[in-house]
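Biologist: I have a model open and some time before my gel finishes. Can we go through it together?

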Amino acid sequence: MDDERQEWISKRAYGLWEAQGRPEGKDREHWEQAARERAELERVALPEHLKTKRTSNDTDEATRRAVDAIRRPPPKGDKALALRP
């Protein structure tokens, strides 16, 4: 488990423990709930491109493509980005 993920789960488990009044003997339950929540978060919220490891060259190329897409003018007749009076 990577450090950032483990830290998130740890903080969430602690928050759950505090929210339930700091009960004794519930640490495993809170940890498992936090781990499930993190897995669900990663499943629905983490963009696909962040799920794969990339080299700096891959990242640089992805950045160049994104910047080029932003700089390209919208197609003629595309009113989605037009300002309304």
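Biologist: Start with Ser10: is it buried, exposed or partly exposed?
Modeller: Ser10 counts as partly exposed, because its relative accessibility is 37%. Buried means under 20% relative accessible area and exposed means over 50%, with partly exposed in between, using a 1.4 Å probe and protein chains only.

Biologist: Before I trust that, what kind of model is this?
Modeller: It is a predicted model, where local features need pLDDT of at least 70 and side-chain atom pairs count only at pLDDT 80 or more, while totals for chains, interfaces and linings use all residues. Residues are numbered from 1 along each chain as its sequence is written, and side-chain values use heavy atoms, leaving out hydrogens and water.

Biologist: Fine. Where does Ser10 sit, and how far is its C-alpha from that of Ala34?
Modeller: Ser10 is in helix 1. The C-alpha atoms of Ser10 and Ala34 are separated by 7.6 Å, although the two residues are 24 residues apart along the chain.

Biologist: How many helices and strands does the chain have?
Modeller: Three helices and zero strands, so the order from the N terminus is α-α-α. Helices are DSSP runs of H or I with at least four residues, strands are runs of E with at least two, and both are numbered from the N terminus.

Biologist: What span should helix 1 have?
Modeller: Helix 1 covers residues 3-19, and its 17 residues should span 24 Å at 1.5 Å a residue; the end C-alpha atoms are 24 Å apart, which agrees. The expected span is 1.5 Å times one less than the number of residues.

Biologist: Which residues of helix 1 are buried?
Modeller: Arg5, Ile9, Ala13 and Leu16. They cover an arc of only 65° around the axis, so they are on the same side of helix 1. That arc is taken from the directions from the helix axis to the C-beta atoms.

Biologist: And what is exposed on the other side?
Modeller: Asp3, Glu4 and Lys11 are exposed on the other side of helix 1.

Biologist: What do the buried ones pack against?
Modeller: The buried residues of helix 1 pack against helix 2, residues 27-45. His30 belongs to helix 2, and it counts as buried because its relative accessibility is 1%.

Biologist: What is His30 in contact with?
Modeller: Leaving aside neighbours within four places in sequence, His30 is in contact with Ala13, Leu16, Trp17, Gln20 and Pro23. Contact means heavy atoms within 4.5 Å.

Biologist: Trp17 again. Which residue forms an aromatic pair with it?
Modeller: By the ring rule the count comes to one aromatic pair. Tyr14 and Trp17 form it, and it is tilted, with 5.4 Å centre to centre and 45° between the planes. Rings of Phe, Tyr and Trp (its six-membered ring) pair if their centres lie within 6.5 Å; planes under 30 degrees apart count as stacked, over 60 as edge-to-face and the rest as tilted. Both residues lie in helix 1, three residues apart, about one turn of the helix.

Biologist: How accessible are those two, Tyr14 and Trp17?
Modeller: Tyr14 counts as partly exposed at 43% relative accessibility, and Trp17 counts as partly exposed at 26%.

Biologist: New topic, the loop. What is the phi of Arg22?
Modeller: Arg22 has a positive phi of about 60°, although it is not a glycine. Most residues other than glycine have a negative phi. Arg22 is in the loop between helix 1 and helix 2.
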